[in-house]
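Here are my notes on the model you sent round. Have it open while you read, since I go through one spot at a time.

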Amino acid sequence: MTANKIHTSGRLPSLRHALLAMLAAASFVLALPATSHAQQQGRDLPDFTELVERVGPSVVNIRTTEKVRAGQTPGGPPMDEEMQEFFRRFFGIPMPGQPGPRQDPRRQPRPGPEEEQPRGVGSGFILTSDGFVMTNAHVVEGADEVYVTLTDKREFKARIIGADKRTDVAVVKIDASGLPAVRIGDVGKLRVGEWVMAIGSPFGLENTVTAGIVSAKARDTGDYLPFIQTDVAINPGNSGGPLLNLRGEVVGINSQIYSRSGGFMGISFAIPIDEATRVAEQLRTTGRVIRGRIGVQIDQVTKEVAESMGLGKSVGALVRSVEAGGPAEKAGIEAGDIITRFDGKTIERAGDLPRIVGNSKPGSKLGLQVFRRGSYRDLTVTVAEIEPDRPRRAQGGEPRASGPSSGAAAQSIGLVVADLTEAQQRELNVKGGVRVESAEGPAARGGLREGDVILAVGNTEVKDGRQFEAVLSRIDRSKPFNILFRRGEWAQYAVIRPAR
């Protein structure tokens, strides 16, 4: 009995050691999958090498030229091509210090032989194997000649099939066959956080590859289309190049960046390829894009406005003005209405309305819903056709209706303004407003600058300089207030804060 006890007790330490060893081994085995998973995650990071090899030949470099007479300066004093494109596209203004040329008619140069001068650079990608190429409209705008260079260094003179400034999409054609066309992806399946890649010619550096992730979808920047926002490095010269998913499919056209410093700051925008393809098909068929219009000027519905009107939440498009005799007026739409539905589609935000109306066929009768003074009303509107884009004249080429003026109220926020001529109002499609001649102090800090057109102050529309001064004088300028203004095709608000 005693011996057995000693024997048994003598085995216990060995058994304990064995159990501990087994537990340690099990723990090691259990730990292996975690380590393997971490290693697998490392191996799963995107490798773009095969993607670049497969899609790279479908991306092209685009350079444009303009023809000038010998001795004539093309479009003004010479400047760097990339910087000219940067200021024109990304800030919507001509390069500082580059006004349109004012020539003395007595010193006009004698006609001479035409010479080609470089005008701009950009990117594009091959849509079809027979030579249709997609790019940005601003890349080919104003060009006399367009040249497309492939990755194999072959260069072709291209002809512009069509360009649409509202969506910034253009199609050009080169005489070639058997070209490597891109594959078009499904933007609806694109997810925020997904890896994407861009190929283009930033600053003329051909076949440059950058990558990042999708930062947001349906980003409304005030343009005609909702953008794909990414953190892919995009710079002047990338314009018109493709944004690609990891399957090598084009999901967007790189078009814009947001920058305060003049360089890439981690925010870039691409045109969704489904919208661009729809535009491209019309350009290839008719050379232009046909869009619908109903003749209203709209704005966002703020939370405060929605609550004060009894709408509940900030949805729809607030009608700021109605074109006299236009489709909307004939349908019974009034200024102050909030359009909540159009053709059966819900208007979640103001930017949805022009896109839905624009895609409507001119001449069609469509239903819409408005919220007016606490209740909904159903109306029917006959869609008209939007006027084709007209070439813009250089700023400063037209006399103004009156000289610059600056009353006490305008001076208090650092503004000097001038009335718009009737021709300027027609060109901008506005019924009034004032042009900013100079902006300093609070106005400049709020974002206003020379050339902006002020349409409203504190939600009150202004027709001319006299009314602008009257409205501004009634504003409590000791508190922040808003100014609605136009810059190019964009309407936006500036918040003016008291002088410091």
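1. Start with β1, which gives the most to the lining of the largest cavity: three residues. Bear in mind that this is a predicted model. β1 spans 59-69, and β8 (195-200) also supplies at least two residues of that lining.

2. Who else is there? The lining of the largest cavity is made up of Val59, Val60, Asn61, Thr149, Leu150, Thr151, Ile199, Gly200, Ser201, Glu206 and Asn207. If you sort them by character, you get four nonpolar, six polar and one charged.

3. How much space lies in the largest cavity? About 60 Å³. With a floor of 30 Å³, the count of cavities comes to two.

4. Now move to Asn136, which sits in the loop between β3 (132-135) and α4 (137-140). Is Asn136 buried or exposed? Its relative accessibility is 0%, so Asn136 counts as buried, the cut-off for that label being under 20%.

5. What does the side chain of Asn136 have for polar company? One of its polar atoms lies 2.8 Å from the backbone nitrogen of Gly240.

6. Gly240 also turns up among the residues that Asn136 touches, once those up to four places away in sequence are left out. The others on that list are Asp168, Ala170, Ser239, Ile253, Asn254, Ser255 and Ile271. When you look at the loop between β3 and α4, show these neighbours of Asn136 too.

Note on methods
Residues are numbered from 1 along each chain as its sequence is written. This is a predicted model: local features need pLDDT of at least 70, side-chain atom pairs count only at pLDDT 80 or more; totals for chains, interfaces and linings use all residues. Side-chain values use heavy atoms; hydrogens and water are left out. Helices (H or I, at least four residues) and strands (E, at least two) are DSSP runs, numbered from the N terminus. Buried means under 20% relative accessible area, exposed over 50%, partly exposed in between (1.4 Å probe, protein chains only). A polar contact is a pair of N or O atoms within 3.5 Å; within protein, one must be able to donate a hydrogen and the other to accept it, and residues adjacent in sequence count only if both atoms are side-chain atoms. Contact means heavy atoms within 4.5 Å. On a 1 Å grid over the protein atoms alone, a cavity is a set of points where a 1.4 Å probe fits but cannot get out, and a pocket is an open set with protein on both sides within 12 Å along at least five of seven lines; lining residues have an atom within 4 Å of a point. Grid points are joined across faces, edges and corners, and a volume is the space filled by probe spheres set on the points. Ala, Val, Leu, Ile, Met, Phe, Trp, Tyr, Cys and Pro count as nonpolar, Asp, Glu, Lys and Arg as charged, and the others, Gly among them, as polar.
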